[in-house]
Amino acid sequence: MDQQTIPMTAERWVHLKRIFEAVQSRPLAERAGAIRALANGDQELELAAKDLLAADESAGAFLQTPAADLHRPLAKERVPCLTPGNVISKRFEILRFLNRGGMGDVYEAWDTELKDRIALKTIRSHIAQDSRVIERFKREVKQARGISHSNVCRVYDLVCHRQTAGEQIWFLTMELLEGQTLLERLRQHGPLKPSIALKLIEQIVAGLAAAHDLGIVHRDFKSSNVMLVETGVGQTRAVVTDFGLALDVSSARAGPPEPAGQGTPAYMAPEQRRNAQIGVAADQYALGIVICEMLTGVRPIRLDSTEPERGCAVQMPQYPLQPRWKAVISRCLQVDPRDRFPSVRDALLALNPGPHVTVWQASAMAGVIIAAVSTAVFISNGNPSRLTGVDQLTPATDLSEGPSLSRDGKVVAYSSDRAEDGNLDIWIQQLPAGRRIRLTSDPAEDEDPSVAPDGGSVVFRSERSGGGLYLIDANGGSERFLAAKGRNPRFSPDGKSIVYWTGDEDPTIASGRLFVLGLSGQTATRLVADFVDARMPVWSPDGRSILFSGCRAGHAMPACSEWWVASLDGHTVHNTGALSQLAQEQIYPVGGIGGWYNDYVLFSGRKGPATSVWRLKLPPRELRPFDKPEQLSSGDARETDPSLADNGTLAFARLDGALHVWRLSHVTDPANVLASRVTEDAAIDLYPYVSPNGRWLAFSRGPGDYRDIWVKDLQSGIESKFLSSTLPTLSPIIDGSGEMVVFEERATNVPSIFAMRRNAPAKKLCTGCSDPTGWFDEGRTVFYREGLPSEIKLADLKTGKTHTVLAQSGASLGEANWSPANQHLLFTVSKGESKQVFAVRLPKSTGSVAGKWIPITSSSEWSDRPRWSGDGKYIFYLSTRDGFSCLWGQKFDPDTGEISGSPFAVKHYHNVRTSVGIITRRSFNLSVAGDAVYLNVGEESSTVWTGSLNRQMELPVPTWRP
Amino acid sequence: MDGTKENRDSADITTLLQQVRVGNAAAESDLIPLIYNELRAIARNQMGRERPDHTLQATVLVHEAFLQLVGNSQIDWQNRAHFFALASRVMRRILVDHARAARAQKRPGAREKVELESALAFAEGQYAEFLALDEALDRLSEWDPRQSRVVEMRFFGGLSFEEIAEVLGISERTAKRDWRMARAWLYRELNKTAHEDAEP
């Protein structure tokens, strides 16, 4: 029961307050008496006051921490996050804080590379934390960078700077413009005289038109995005800023922010308000508003009532305007884009048909101009990073990867699409901040560079003419062909030889062969020829042996793979047991081994959801691992390709972006192929498999190793989780009922195949087997592969019985895909560095193959994932025949059992940013229902980073001792 | 058009804030949905990010809302204080609505509404406390609305006493005295309530 019976009123409260405040400063002993005296005989008030004072004493931290601390941003606002003198990304020295925009802070900075002052705009965290936004930003910046016009603000780069461990700032660099905005000018001085306005409009139109010529839409043109820069006595340059950088970051829509115009709806064209599908005509609308603003000082008012489909839906200001101006503005502001001028140049022509004067007598203007688009982002995470001074070396606008450092750490080579969007070439750069020099320019991809220890030359892999290794001088010049099919080349510590491997990139297909090649005209020598697979070699620190990932004998890869060390003379081969130890720690190496420096092997490894740079102690004299592996980088992006120099500089690549499932429809008619994204979420979606009836799509989803199996009903679009797994799950296949899924699961590198009915426990079909690739008897028997080299087998889901369908000694068979329509089986044969597609007759009635193998692709090209079309008349497969991983088709005549005509390209993926080539071979799948293909496409970009290994780690300074 | 990012430019917001400052209640009720929608829009963008464990600091949220709505237009700190005072009211409503929904274990029929709230970082155990606090604040405002406002701004908005004083047109000292008494009374009220709830 509440002791208080008299209800509290304002009067009683004031009385209570008086007592409370009077008594609280008194010593405890006097309080009771004082309260009684002040309560004036009101016992209840006396009690309430006592309670209140007691509560005051014991309340402690009660309510002291705000539920939402809104105070700090207020305080923070006065303190910019970067301070003058800060040098960020080893290149930009902050000179002063300029302003705060809607998306971040703007600073004046000194660019040590351009040797000029620039504007540096940070990007606010909630914008940059969405990787899709950053990806979009990258594209926009890349595009905007292409506009070179004196009336358009130059955009340089989008860079990510890691401030301290775990904190990063994204920022844009651009031309520094000093002056004031057109809006500020209008607010200060009112409307402009038509003759003066015209001079500005000429420049603005020239800037807009230059961008429009390149197909770039501003999307957020307005008077505050026009800078007026004094260029001399009374001369003014009008500069359009923030081209294409408008992002609808506040949109309530689900999904990534769209680059729709916003910010200032008063300038938005009707079509832009309705949807994001806009063209250059939207900028013309905004131009109309700005012209009106320039002449009258105010913007026209939009008539909000039902907008007509044609005509003009604004009310012009009550201001005397020349008819010609009025007519031009009104035509710019037409609701239907088709009713506007054909281009902004035509608007200008209509305004100013005659010759004109070229000097605008502007009044002096002061201050520095700040554009609206900018942003600041601090992404913090709790992941450990043993590296200090971690910095982004290559701009986020470029896709750059595979860094390799010279021994002294002063030269880095990497592959990048900096010069040609989407096409990788080899680049070289002095550290810490030299100019980037392009070494190669072949239209095919050049990648995996290894720079010579002295920095004087680079060996790399190129996809040109079937793929191989090339050597080029660091100063440029001609490229020297070294070896066909070679991968992951590495310079020896003395710079006189290279080691490389050939074979299938898929680490589960036994095919890798190691070679050492002297660079002064020798022929390549094969190492460890008795291994069924050997790949990813690196030199020992003394250059006398090779560390590699290999399988000597066993039942399945990668379970049988280990890190071995072989002496160059071939006398000793030693199993280090390192991979087993890594597997115990649940760390799985990704890509090539980074290098072996003194007692440590550096590599990129996946643990749980994160991929980061690791090192493992493996002393060359002991050849077995010591201590636990140590994570060196943060793992908050996929971090790969580590390279280390003597001075402790570490270079690596960070991959960002998304992998989603795409659908290509009408694939039998390449001219009309339609590509659309089927999955959209933020996770990574792999191994798409569509049920033969086209109704269900199974795929695995999740970051890193944590993958769940999902099923999407392609009819309703509903996605549901089929299986949660803490182990890697791969290659799910689903039947036409959407109820039965067969998949591979890997426990510590050992694959098994399971079958599972929805909501029922999974049943293991076999161990040491992998890749369920499709149905034979749908829902009952399934194809998979097993053995080393692998055979194609069939498993019966009900009985658990298995039997071999196809095998060939010395070759790995896989990718079995059977067509009920033509009773033929498609499969791949991997032999050495070739992977070829064959078909063979396999009648349902007998269940065993009959007749000869029919070659579908040639042995000279690398082909993979062959799939039948629904009618059995076409074969679709992945091929690198043109130097890229692209989707190809081949007509097949079921009656004669022969291919007809030449292969045709269904869809090219030559742009590395939207590509299937960048997806790990193991993670990719291709699946067909009818004439629709489902496959995963990576939309990724990567950047090269450098850092320094912390001395406190007691890492011995790496030395090269040839 | 949806109501988000209402088609106003920052000049309108500044004008509204000035009207709030001179006590125009209509301007206040115009602004509150704007702030709420802005918070929601930002939070929803945040929710689309890849890291599912990420919580959203209310601080950042309101700050973003301020910048989104007011932008970089010239605005003095008094107006800013008024904005944050309003935002603290919105934050209170958001937190309390969420606590109520969580307690009632409402099905996410109103998923959209819960989206923002679930992006806020606070412990589950605090739900009951939020609700009790909200009710107590309502009662307090019956006889001392100013004290109730002080707590709202201080606890739900994290405003400094200087800012609270500016918003309420009182001295900083008065603001601190209001805070001390209200806090003591609330502390007692909440403990009392908890005690009564615990009784069979």
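In this predicted model, 42% of the 200 residues of chain B count as buried. The secondary structure of chain B is simple to describe: there are nine helices and zero strands. Reading along the sequence of chain B therefore gives the pattern α-α-α-α-α-α-α-α-α. Many of the contacts in chain B link positions that lie well apart in the sequence: among those with a separation of 6 or more, 71% join residues 24 or more positions apart.

Attention now turns to the nonpolar cores. The largest nonpolar core holds 79 residues, and the members that touch the most others are Ile201(A), Ala286(A), Leu287(A) and Ile291(A). Helix H10 of chain A, spanning residues 280-296, supplies the largest share of this core, with 12 residues. A second core, separate from the largest one, is made up of 78 residues, including Leu469(A), Ile546(A), Cys560(A) and Tyr588(A). Back in the largest core, Ile291(A) is a helpful residue to follow: leaving aside residues up to four places away in sequence, Ile291(A) touches Ile201(A), Val328(A) and Ile329(A).

A further residue worth finding is Lys326(A), which belongs to helix H11 of chain A, residues 323-332. Lys326(A) counts as partly exposed because it has 15 C-beta neighbours inside 10 Å, whereas a buried residue would need 20 or more and an exposed one would have 12 or fewer. Setting aside residues up to four places away in sequence, Lys326(A) touches Met316(A) and Leu321(A). The chain also brings in Cys292(A): this residue and Lys326(A) are 34 residues apart along the chain, yet their C-alpha atoms are separated by 8.3 Å.

Terms used: Residues numbered from 1 in each chain as written. Chains lettered and ligands numbered in written order. Predicted model: local features only at pLDDT ≥ 70, side-chain atom pairs only at ≥ 80, totals over all residues. Core = buried A, V, L, I, M, F, W, Y, C linked by C-beta atoms within 7 Å. Helix = DSSP H or I, 4+ residues; strand = E, 2+ residues; numbered from the N terminus. Contact = placed C-beta atoms within 7 Å.
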